[in-house]
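New to this one? Let's take a walk through it, starting at a single spot and working outwards.

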Amino acid sequence: MALDGIRMPDGCYADGTWELKMHVTDLHKDVSLRVTGEIHIGGVMLKLVEELDVKKDWSDHALWWEKKKTWLLKTHWTLDKYGIQADARLLFTPQHKLLRLQLPNMRHMRVKVNFSDRVFKAVSDICKTFNIRHPEEVSLLRKPRDPKKKKKKLEEAEEDPLELEGPLLTPGSASEVIYIGPVKGSIYSSPGLYSKTMTPTYDSRDGSPLSPTTAWFGDSPLSEGNPSILAVSQPISSPDILLKLYKPQSLLDKAKINQGWLDSSRSLMEQEVKDNDVLLLRFKYHSFFDLNPKYDAIRVNQLYEQSKWAILLEEIECTEEEMMMFAALQYHINKLSIMSSDNHMNNSEKEVDEVDAALSDLEITLEGGKTSNTLGDITSIPELADYVKVFKPKKLTLKGYKQYWCTFKDITISCYKSREEAHGTPAHQMNLRGCEVTPDVNISGQKFNIKLLIPVADGMNEIWLRCDTEKQYAHWMAACRLASKGKTMADSSYNLEVQNILSFLKMQHMNPDPQFIAAEYINTDINPECLVSPRYLKKYKNKQPGFVRDLISTRILEAHQNVAQMSLIEAKMRFIQAWQSLPEFGMTHFLAKFQGGKRDELIGITYNRLIRMDASNGDAIKTWRFANMKQWNVNWEIKMVTVEFADEPSLSFICTEVDCKVVHEFIGGYIFLSTRAKDQNESLDEEMFFKLTSGWI
């Protein structure tokens, strides 16, 4: 036997080489190569391909170290530098693998995604393929498991009532629809080339690009056939779907769903995502920048779909009047979507222009979007002064609201016993910076209340304001919302906020026209069970099914009269706006134990603040604004997040059921989104995103 063939006890050969074991996933074949620690990764792959002697394009393949869960992408690094020894087992596998994505509209699509890219980059490529701008708002979520299905068969637990209805686009024929089940086709994610410098326009009814915008999709598969497939809303076909889908029953259930967010700074393979796994593509950060119907038909539709399902699956609370308004908008959108599929070829450019003009004031604004052009007199700050009923709840009190003459100046409300005493010392005074503002409105009961939770040293003071009219409520509510952010009524967004509130209230009015409703009901199968959440159907559980169906259908048609004149894209925008107006909008919950606390509580994260909440009822205990934040960091050993503020004690907590990295990423992600500006270039500052969200791990 040759000297170099003698194997030593440590696994090395007499000549210093050793055997590196590799598995080639495409060929289901194990291969061993004689190597030294000084050979670089590129050389290992070259020797492996030569050993295989199979004519194949191996350019997408890379080495994956199973034990360490890491890609060996630095091909100039040696095995020694990576720390790879004879006990290592490497996979030679494609970097691009199939992923089954459930889009916000609940439909499934197969996409080929780079499993070696960090999730942030992979999501960006997916969004380019689907022509969704601002991919930084989107991420991937693991599918939540319904705890009620634990004891059932695995196949039944994994059943998805919508999966068999999901359209699948195949390369070369995007207009061909194939259904996922046992699927042979796929959509290969070659990133589309969209650009802010281009000015695409879309059909006003179904959102499909008009002829000058073909280049907008670049080499994406969506550029062939019918690229509007993701911009078209799909009506819910059966009420059974709502009953089968998972519905969180409590705030704790909502917090558990958020355990599933993937780490944006690591690759899919590093997070144990396998080929052909199902992940949910969702809008993660509820801060929608530059949402423009002219360019964002697909983004608007997917946002509408995510908000629709959030309401139907009771992930967010709303009143019965609001539910009927949402149902009316759904009904209107479903009807126009069906009509547009037949009539969109008849649309003219003039009609598109008219829609654009009508939507000029409908861009959704959350910290940095479009603002009103009406600046008013910038030398003076507007004020409010009126009689408002004020109530301060106390334990064991039976006292109700007391009327005061209230003035709203800057971010402070001053309450006087009468108008004549307004120049003296106020009976009560409230600084609203950092407060929680919650609406409590019932249109039919003419109740227009504003709940204020005002931060004090030991928690939050609860104050209720009651207005007499919608107009008064809209002005005071808009002023309270701005004051909570430290802004005054001189801010250019004040008038727009007032108009949005009035518009939201107007859509909830019930002004029945019996003849209109009767004609509509006769000519339409409204299917109310698909338009409202199961909770509102249960209210009438003792009634006859036919009676309940007629009653809810009539109420939806009554609400529909307020939105019947809207175009399809306007109705979707209105739905999103109404969703944003709900008190719980944009709140992401996590179970946490605060330093000094004895039991688990909830922490809520929104686009501009952190909220400490009671886990049993969701009541806010304390609020901290990001604008007042100095810095935040994580002790990775004990998994404790600490946030420091400018003029308040620091906040420290441990996440009990989720890695603190997920919470850290939410805080850093929202800080990152707040830095966006319309005049910046179109490329994302990935380095800044990872600096704010990754931490030192």
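## Starting at Ser307

At 0% relative accessibility, Ser307 counts as buried. This is a predicted model, and Ser307 is a handy place to begin looking around it. Ser307 sits in helix α7. Setting aside residues up to four places away in sequence, Ser307 touches Phe575, Ile576 and Trp579. Phe326 is 19 residues from Ser307 in sequence, and their C-alpha atoms are 10.0 Å apart in space.

## How α7 meets α15

Those partners of Ser307 lead us to another helix. Helix α15 covers residues 568–580 and packs against α7 at an angle of about 50 degrees, with the two axes 9 Å apart. Are they parallel or oblique? An angle of about 50 degrees falls outside the ranges for roughly parallel, roughly perpendicular and roughly antiparallel, so α7 and α15 are oblique to each other. Their crossing is left-handed.

On the α7 side, the residues that take part are Val300, Asn301, Leu303, Tyr304, Ser307, Lys308, Ala310 and Ile311. They meet Ile569, Lys572, Met573, Phe575, Ile576 and Trp579 in α15.

## The whole chain

Time to zoom out. The chain has 697 residues, and 53% of them are buried. It contains 17 helices and 25 strands. Take the contacts in the chain with a separation of 6 or more: 64% of them come from residues 24 or more positions apart.

## Two nonpolar cores

The largest nonpolar core has 75 residues. Which of them have the most contacts inside it? They are Leu101, Phe130, Leu140, Leu268, Ile556 and Trp579. Helix α8, residues 320–343, gives the most to this core, with 10 residues. Trp579 has already come up, as one of the α15 residues that meet α7.

Leu268 is worth a closer look. Apart from neighbours within four places in sequence, Leu268 is in contact with Leu99, Val113, Asn114, Phe115, Asp117, Val119, Leu140, Leu262, Val273 and Leu279. Then there is a second, separate core of 39 residues, and among its members are Ile605, Cys655, Val662 and Ile667.

## Another helix pair: α16 and α17

Now for α16 (residues 660–673) and α17 (residues 686–693), whose axes come within 7 Å and cross at roughly 135 degrees. Roughly antiparallel would call for an angle over 145 degrees, so α16 and α17 count as oblique to each other. Here the crossing is right-handed.

Which residues make this meeting? In α16 they are Lys661, His664, Glu665, Gly668, Gly669, Ile671 and Phe672. Their counterparts in α17 are Met688, Phe689, Leu692 and Thr693.

## Two residues with positive phi

Most residues other than glycine have a negative phi. Asp53 has a positive one, near 55 degrees. Asp53 lies in the loop between α1 (41–52) and β3 (61–65). With 67% relative accessibility, Asp53 counts as exposed.

Glu314 also has a positive phi, near 60 degrees. The loop that holds Glu314 runs between α7 (297–312) and α8. Is Glu314 buried or exposed? Its relative accessibility is 15%, under the 20% cut-off, so Glu314 counts as buried.

## Far in sequence, seen in space

Gly459 lies in strand β18, residues 459–467. Gly459 is buried, with a relative accessible area of 8%. Leaving out neighbours within four places in sequence, Gly459 is in contact with Ile454, Ile621 and Lys622. Arg612 is 153 residues from Gly459 along the chain, while their C-alpha atoms are separated by 9.6 Å.

Where is Ala627? Look in the loop between β22 (620–625) and β23 (629–635). Ala627 counts as exposed, at 80% relative accessibility. Ala627 and Gly486 are 141 residues apart in sequence, yet 9.1 Å apart from C-alpha to C-alpha.

## A word on cysteines

A disulfide is a covalent bond between the sulfur atoms of two cysteines. How many disulfides does the structure hold? Zero. Two of the cysteines are still easy to place: Cys318 counts as buried at 12% relative accessibility, and Cys530 is buried too, with a relative accessible area of 3%.

Technical notes. Residues numbered from 1 in each chain as written. Predicted model: local features only at pLDDT ≥ 70, side-chain atom pairs only at ≥ 80, totals over all residues. Heavy atoms only, no water. Disulfide = S-S within 2.5 Å. Buried < 20%, exposed > 50% of the residue type's maximum accessible area, 1.4 Å probe, protein only. Core = buried A, V, L, I, M, F, W, Y, C linked by side-chain atoms within 4.5 Å. Helix = DSSP H or I, 4+ residues; strand = E, 2+ residues; numbered from the N terminus. Contact = heavy atoms within 4.5 Å. Axes fitted to C-alpha atoms, helices over the stretch in contact; angles between N-to-C directions. Parallel < 35°, antiparallel > 145°, perpendicular 65-115°, else oblique. Left-handed = near helix turned anticlockwise from the far one by under 90°.
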